[in-house]
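Please examine the sequence and the structure shown below. The explanation after them proceeds from one ligand to the other by way of a residue that deserves separate attention.

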Amino acid sequence: MEKVKIGLLGFGTVGSGVWKVIEANNNAISKRCRKELEITKILVKSLEKARSAEAPENLFTDKFEDVLSSDVDIVVEVMGGIEPAKEYILKAISAKKHVVTANKQLLATNGEEIYKAAVENGVKVFYEASVAGGIPILNTLKDPLSANQIEEIIGIVNGTTNYILSKMTEDKKDFETMLKVAQDLGYAEAAPAADVEGFDAAYKLCILSSLAFKSSIDVEKVHREGICDITPLDIEYAREMGYTVKLLAIAKKKEKGLELRVHPTFIPSNHPLASVSDSYNAVFLKGNAVENLMFYGRGAGDLPTASAVVGDIVSVITSENSPSYEDSVLGNIEKCDILPIGDLETQYYVRLTVEDKPGVLGKITSILGDKNVSLSTVIQKGTKDSSVSLVFMTHKTSESNLQAAFEEVTKLEGVHKIENLIRIES
Ligand code: NAP
Ligand code: HSE
């Protein structure tokens, strides 16, 4: 059987997963492709490092040039980061090699340059693994959902933060310990701030939205907040009020433009996304023909991610003459306005620390009333301390009104601190 030679850039969590999946499933894969996959070179940073998957030593190199000169057909980039990943991908494309990558950071920030180079050189760039790990969401948006206008996407697209929040909620574990476990399990990015500060989810939202809304999206315009400020107290208040805290990536098509935001969110505990735990991801979307759809699966880890990478390798081989993602993205790019976060209208949870004395609550509610912020719930729990937690849940209100109101509230005597402000998605 004819062989397809693959150059693998990176042999960490995902790269070693790709090796294992090809080793385990090559028979079935070659029946589908009518070609046999063979990894002929593996680029790593350190040749000395012990490896979790057993690949022959002679395949490893620390020089990218060895990969290109070994006559590969497809270059698979699973190194991560911008450089040298970008340089290597562009060199591979110039050398007329198809590329498969899992690198959401690179695609969200430099995607158009890479897709244009691919079109100019007549090669394909596939990147299913860059969003939601093993869930085949990008391919689904490209073809099976192309009959729809997508109206809304709400996703849990970061496995690390979902793992941490689930463990904090279900097992009362602490943030730092669970971050360390997520790193050990291979879910986290090399610099885990990318996960916990919401960058990774913002990159993924950008890639998803550019395909869903056929739009060129500047990732800097995605409103982004991470989970570092979420405390056990917020999780407990959420539970008491019937909500679960999740880091959501949200894209909604509005009359005046696109709402694009990543932030911790209270969602009703009976919402399908509330039960998505551990490193699982889920993407909930609404199309104008298909209505609501939800996709669910492992969002991180070696084999689930490798499933998407190897699936892309199969797509490169079997779809020689059909369009790939870059055609969908570059073919009909509309410039879409991205709405400022101040335009958002939703409900809010706000937790403050205040002095426990008469008049404080009255002054706060008077400011909120003046700014047209109406309250649905107020909780102040009795305690012997002079400082207490005061929790508000608002009715739907504009973010700019809410922010303006709480800026004034912070200046009041007796108000110590606004501890947290979390949006509610109902
Ligand atoms: P990783 O475990 O840190 O592995 C990175 C690999 O790339 C290592 O083998 C490393 O070599 C190699 N490498 C890094 N910089 C290099 C350089 N300058 N030159 C040569 N080799 C270099 O990362 P990972 O978790 O597999 O993630 C890889 C990519 O997949 C990232 O873009 C990530 O965002 C994406 N991704 C990861 C997951 C996941 O669950 N982990 C899921 C979806 C997408 P050494 O082994 O010698 O250090
Ligand atoms: N660090 C990423 C996550 C890997 O936790 O979701 C998968 O993209």
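The following paragraphs describe the surroundings of ligand 1, then residue K104, and then the surroundings of ligand 2. The model is a predicted one.

Ligand 1 is surrounded by 24 residues, and those that come nearest are S46, K49, R51, E189 and G301. Sorted by residue class, this shell consists of ten nonpolar, nine polar and five charged residues. Several polar contacts can be followed from the oxygen atoms of the ligand to the protein. At G301, a backbone N or O atom lies 2.7 Å from an oxygen atom of ligand 1. At G12, a backbone N or O atom is likewise involved, with a distance of 3.1 Å to an oxygen atom of ligand 1. In K104, by contrast, an N or O atom of the side chain takes part, and it is placed 3.1 Å from an oxygen atom of the ligand. Taken on its own, ligand 1 has 900 Å² of accessible area, of which the protein covers 85%.

K104 merits a closer look. This residue belongs to helix 4, which spans residues 104–121. Is K104 buried or exposed? Its relative accessibility is 12%, and because buried means under 20%, K104 counts as buried. Leaving aside residues up to four places away in sequence, K104 touches S130, E189, D200, Y203, K204 and I207. The record adds a further point: in an unreviewed UniProt entry, the annotation "binding site" covers K104.

K104 also leads to the second ligand, since it is listed among the closest residues there. Around ligand 2 there are 13 residues, and K104, G159, T160, Y187 and E189 are the closest. E189 is thus named both here and among the residues that come nearest to ligand 1. The shell around ligand 2 divides into four nonpolar, four polar and five charged residues. Helix 6 (159–170) and helix 9 (199–212) each contribute at least two residues to this shell.

The polar contacts of ligand 2 considered here involve nitrogen atoms of the ligand. Two acidic side chains take part: an N or O atom in the side chain of E189 is 2.7 Å from a nitrogen atom of ligand 2, and an N or O atom in the side chain of D195 is also 2.7 Å from a nitrogen atom of the ligand. Y187 contributes through its backbone, where an N or O atom lies 2.7 Å from a nitrogen atom of ligand 2. Of the 250 Å² of accessible area that ligand 2 has on its own, the protein covers 93%.

Key: Residues numbered from 1 in each chain as written. Chains lettered and ligands numbered in written order. Predicted model: local features only at pLDDT ≥ 70, side-chain atom pairs only at ≥ 80, totals over all residues. Heavy atoms only, no water. Near = heavy atom within 4 Å. Polar contact = N/O pair within 3.5 Å; in protein donor to acceptor, adjacent residues only side chain to side chain. Areas by Shrake-Rupley, 256 points an atom, 1.4 Å probe, with all protein chains shown as cover. Nonpolar A, V, L, I, M, F, W, Y, C, P; charged D, E, K, R; others polar. UniProt positions renumbered as here; feature names shortened; annotations may be inferred. Helix = DSSP H or I, 4+ residues; strand = E, 2+ residues; numbered from the N terminus. Buried < 20%, exposed > 50% of the residue type's maximum accessible area, 1.4 Å probe, protein only. Contact = heavy atoms within 4.5 Å.
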